[in-house]
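Me: I would like a close look at a single part of this model, set against the chain around it. Please define the terms as you go.

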Amino acid sequence: MSTLAAVNVSVSFGSITVLDAVSVSIGSGDRIGVIAPNGVGKSTLLKVLAGELEPDAGIVTRAPAGTTVLRLAQEPDIRPGESLTGHLARRTGVAAAQAALDASLSALSRGDAGADDAYDAALQRWLGLGGADLPERMAQVTAELGLPDTLLDRTAAELSGGQQARLGLAAVLLAQPEILLLDEPTNDLDDVGLALLEAHLRRSRAGLALVSHDRAVLAATASQILELDEFTRHGSMFAGGWDAYLAERELARRRAADAYSAYEAERDKLTDAARRQRQWARSGAQRATSARSYRDDPDKNSRAHHLATAQNTGGAAARIDKAISRLDADAPAEVREPWHLQLSIGGASRAGAVAVSLTGAIVSRGEVTLGPVTLTIGPADRIRITGPNGAGKTTLVDALLGRVPLSAGQRYAGPSVVFGELDQTRREFATGRPVVEVVRATAGLPGDEEARTLLAKFRLRGDAALRPASALSPGERTRAGLALLQARRVNFLVLDEPTNHLDIEAIEQLEQALAGYSRTLILVTHDRRLADAVHTDRTIDVRDLHNAPTNL
């Protein structure tokens, strides 16, 4: 049995502590979901476990030492000129293992010292990662995902967005390490892709650490949950899977709140008792030493008794102070409220009787043609658009927004319609301009100060607001896009895969905001729990629009 273990791992970037004494052990067959708000060290932990980042403290061990560990990042590194075959070989670790095997074979042929052992280790690693039959498995998996064989020799950069999502899934399905570390593997996957991913993870014999915001995938695959705390940066392990974690987390939070409340009550009681004892001591000492006391009670023994009583009372206060110190030393941690995305989507005034309509519209993009489509969207309609990747969901959205020309037919948008969009690529931020400038200009805010205040509410504070927009992380781009939606009053809201790269708490806040939004909503999502939580009036499957007259 192979095991990857981290013991008391700590990582800091400058003055910022990202991980503090985090421990986790992953063995063959383990299924550990790793969760935390964005920016709280999930990806950093995976890099440490993979040996790509040296921790500042703590150790990471592999048993046996030759255990193969592979981390697949959330955004595939598509390199210019790299073929699809080369890309998959690199991401599955086979390319590096092949290079090491070739180098050891050259050393063996030269008769270098220790070359026998090096060659044997390199061969075992190459075999273990599935290098021997990778070409055959590539053909099988790419065909299963709808990526034709002809693409294997073409550059990965030529793929469409939907094909690139399936390419990321192909790397997961092809990877054969003993320990697999996955960072947000569900982003951009359609329902078919999610089903394939879940099935693969359930039957894989590899130990798994899965960073994901997809609650349905976590519920289907994880048997343990590792939660990284945003305040302490410690890790807590919960057994029993996702639903058990939710129940245990709520119970743990209630217990922590009750324990801290009991501590505060006991401390307040002791503090009040010490204050009373000191007050009585001062009063007794004053009575014993005052001039009136000498006149009324000339007996020096009586006065001495009063002084002794006052001193004893003061000593009782000191003993209570020591009890408070002991209580403080064992005090439970203060319960701190985690950051919540306080999102509200302000609706502009109601659009006319018709917000947007398509009449006999035909729209084409690449190999996809939709229509003729006749569709009328009212001022409070809530529509979900579904379909597999590459079937034309974004093409239909672009036609509704007037962003792509129609091959035939007409589009109408009401004069009072105000569009607001969170698109799949977060295109507003594909620029070198500072984030604060993009937000100020797009949202029509009066100055940078207002834009920075808005961004801070979405956890984009300080230097993050001044960075080039294109340098934002995927999660930061999504939060900046939500900030724009909050700043603008819209009455036609389009959300295209809005949960990509959002943490779970932010997704739940988004669900609540959408529940209170009363204008037109167009929702494109493969997040099954979001789709269940957000009410829609009707669903349009774009496969029904392919080259066929359709009235909706």
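Reply: What follows looks closely at one helix and then at its wider setting.

This is a predicted model, in which local features need pLDDT of at least 70, side-chain atom pairs count only at pLDDT 80 or more, and totals for chains, interfaces and linings use all residues. Residues are numbered from 1 along each chain as its sequence is written, and side-chain values use heavy atoms, with hydrogens and water left out.

The part chosen is helix H12, residues 393-401, where helices (H or I, at least four residues) and strands (E, at least two) are DSSP runs numbered from the N terminus. Of its 9 residues, 8 are buried, so H12 is largely enclosed by the rest of the structure; buried means under 20% relative accessible area, exposed over 50% and partly exposed in between, with a 1.4 Å probe and protein chains only. The buried residues of H12 are Lys393, Thr395, Leu396, Val397, Asp398, Ala399, Leu400 and Leu401. After H12 comes Gly402, which has a positive phi, near 75°.

For the setting, 47% of the 552 residues of the chain count as buried. In soluble globular proteins, nonpolar side chains tend to be buried together. The largest nonpolar core (a set of buried Ala, Val, Leu, Ile, Met, Phe, Trp, Tyr and Cys residues joined through side-chain atoms within 4.5 Å) has 45 residues, and Leu88 and Leu182 have the most contacts inside it. Helix H6, residues 161-174, gives the most to this core, with 7 residues. A second, separate core has 37 residues, including Phe458, Ala464, Ala480 and Val534. Leaving aside residues up to four places away in sequence, Leu88 touches Met138, Thr142, Leu167, Ala170, Ala171 and Leu174, where contact means heavy atoms within 4.5 Å.

At the scale of the chain, there are 17 helices and 18 strands. The radius of gyration, taken over C-alpha atoms, is compared with a globule rule of 2.2 Å times the number of residues to the power 0.38. For this chain the radius of gyration is 32 Å, well over the 24 Å that the rule gives for 552 residues, so the chain is more spread out than a compact globule. Its C-alpha trace spans about 115 × 80 × 40 Å along the principal axes. Among contacts in the chain with a separation of 6 or more, 71% are between residues 24 or more positions apart.
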